[in-house]
Amino acid sequence: MKTPIVDFVRAYARSNTLRLHMPGHKGVLRLGMESYDITEIKGADSLFEANGIIAESEANASSLFGSGATFYSTEGSSLCIRGMLCLALLEAKKRGETPLILAGRNAHKTFLSACGMLGLDVKWIYPSRGESYLSCSINAEKLEAMLIGMDMKPTALYVTSPDYLGQRCDLAALAEVCHRHGILLLVDNAHGAYLHFLPEPIHPMDLGADMCCDSAHKTLPVLTGGAYLHLSAALAETFRGQVRGALSMFGSTSPSYLILVSLDQCNRYLAEGYREQLAGYIAKLENFKAELAAAGYHLIGNEPLKITIDSKAYGYYGDELAELLRNGGIECEFSDGDYTVMMLTPDLGDEALEKIRKCLKAIPQRSAICETAPRTCMLEAALSVRDAMLAARERISLDLAVGRILAAANVGCPPAVPIAVCGERLTEEVINAMRYYGIDEVDVVIE
Ligand SMILES: Cc1ncc(COP(=O)(O)O)c(C=O)c1O
């Protein structure tokens, strides 16, 4: 596998050229990586008008993922989500449809802000009873029933799979329903770039998605910010010449070459032995998860590289368990009152499993905590997401918020999944849910 961006940047770094261009560090080493941090000099190509080394590297990524086309982002999946929704909007306009997106309620807050910026309306699919607000299992029957009941046909279905807790939807079944109804399937696969490289690939593009984003940086050895936007072959043809424009509407004109270099280098990593390494590690992880289950831990989710502990079933709050792991020298990806989430990769090897094993096995099981998390609330939208986002607002205590219209999805990251959506009128129930998740102030619209 060729690495044209890595080769160019390395050669430039070695050339001892006097850098009379940006960035201001001029390649002088203070942190140590400055010599690779270049700008769009001759030969370096340009991310949103790529036709040189960046285009070549993206084509390599596309062939590795088996997509119709793959585009790099140095601003995470967040940029890809905005680009993807912009393309959905173009598709709606082309079809003469009023742009409407049907979306799983556990969407990341970037989805919301993108809908607000683009003026897209959203119809929500809510989680089933008993599911965390971080998950939203949508199956083919639920989708079919939803579509039949809608007065207006949506342009696209937008789902988050895998979600923060490591739950995946049956994307193949959803793709079949979407395509039969003539709607696009868009997937937030921020947590699942590696899924294409499993012995049985289950990446959204393998299962019929039309577009998806992957945060390469979340599960592959890529610097923070590196991400992919993948398009199916059909959509790559439909949007030929339009994708970079859609991304550039929201992206910085100074993409990081450090991130581009690491995306390029990752192609070689994926091409040279990753599949085998991943298969071996997943087999070990399955055994490891079985061992934890036998020790009394209740694990949820079906994403191979995540370990999600339903901590209360073991007698601890999620944050409490995360703190015990922290004391043992292990920092988890995420925890809340209910769950503790760890993200692993094959590079961590056996020592990491041994460290987790030792730490978790030293924690005595207690009787289960029965207090359940609040369920996801269905709320009335008093304003569109866009109108609420752009409205005059004030920040008030949650105690005073009943009946007010939410102006901003003020959720922390992680997990950045809004409990209520901007434009919705707040009820006692949702305020209690916000309190449960540690929110004590909200931005509301001044009416
Ligand atoms: C489900 C999900 N989607 C999208 C994003 C945004 O990804 P990025 O941080 O790569 O912009 C995140 C980030 O945590 C996420 O968890």
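Is R435 buried, exposed or partly exposed? R435 is partly exposed, at a relative accessible area of 37% (buried is under 20%, exposed over 50%, partly exposed in between; 1.4 Å probe, protein chains only). The model is predicted: local features need pLDDT of at least 70, side-chain atom pairs count only at pLDDT 80 or more, and totals for chains, interfaces and linings use all residues. Residues are numbered from 1 along each chain as its sequence is written, and side-chain values use heavy atoms, with hydrogens and water left out.

**View 1. D399 and R435 form a salt bridge.** The closest N and O atoms of the pair are 2.9 Å apart (a salt bridge is a side-chain nitrogen of Lys or Arg within 4 Å of a carboxyl oxygen of Asp or Glu). D399 sits in the loop between β12 (393-397) and α14 (428-436), and R435 in helix α14, so the bridge ties together parts 36 residues apart in sequence. Helices (H or I, at least four residues) and strands (E, at least two) are DSSP runs, numbered from the N terminus. D399 counts as exposed, at 58% relative accessibility.

**View 2. Other salt bridges.** The whole structure holds 24 salt bridges. E237 meets R240 at 2.8 Å, N to O. E237 is partly exposed at 47% relative accessibility, whereas R240 is exposed at 60%. E331 pairs with R326, again through a salt bridge, with the closest N and O atoms 2.8 Å apart. Here the acid E331 is exposed, at 54%. R326 is partly exposed, at 36%.

**View 3. A seven-strand open sheet has mixed pairing.** The strand order is β1-β7-β6-β5-β4-β2-β3 (two strands pair if DSSP finds at least two bridges between them). β1 (69-73) and β3 (121-125) stand at the edges with a single partner strand each, so one side of each has no neighbour in the sheet. Neighbouring strands are turned by 20° against each other on average, direction ignored. Axes are lines fitted to C-alpha atoms, for helices over the stretch in contact, and angles run from 0 to 180 degrees between N-to-C directions. Within the sheet, β4 (residues 156-160) and β5 (residues 184-188) run parallel and share five bridges. One bridge partner pair is Y158 with L186 of β5.

**View 4. Helices α2 and α3 lie across the seven-strand sheet's members.** Helix α2 (residues 53-65) crosses β1, β6 (211-214) and β7 (227-231). The angle between α2 and β1 is about 125°. Helix α3 (residues 76-95) lies across β1, β2 (100-104), β4, β5, β6 and β7. Its direction is at about 170° to β6. Contact here means heavy atoms within 4.5 Å.

**View 5. The ligand is surrounded by 13 residues.** The closest are S78, D188, S215, H217 and K218 (a residue is near a molecule or strand if one of its heavy atoms lies within 4 Å of it). Three polar contacts can be traced (a polar contact is a pair of N or O atoms within 3.5 Å; within protein, one must be able to donate a hydrogen and the other to accept it, and residues adjacent in sequence count only if both atoms are side-chain atoms). A ligand nitrogen lies 2.5 Å from an N or O atom in the D188 side chain. A ligand oxygen is 2.8 Å from an N or O atom in the side chain of K218. At S77 the partner is a polar backbone atom, 2.8 Å from a ligand oxygen.

**View 6. Four strands build an open antiparallel sheet.** The order is β8-β9-β11-β10. Edge strands β8 (299-300) and β10 (334-335) each pair on one side only. β9 (residues 306-310) and β11 (residues 339-343) are antiparallel and joined by five bridges. I309 is opposite T340 of β11. Helix α11 (residues 318-327) packs on this sheet and touches β9, β10 and β11. The helix makes about 45° with the direction of β11.

**View 7. Backbone geometry in loops.** M22 and P23 are joined by a cis peptide bond, omega about -5°. P23 is in the loop between α1 (4-14) and α2. The S161 to P162 bond is also cis, with omega near 0°. P162 lies in the loop between β4 and α6 (171-180). N16 is not a glycine, yet its phi is positive, about 60°. N16 belongs to the α1 to α2 loop and is exposed, at 71% relative accessibility.
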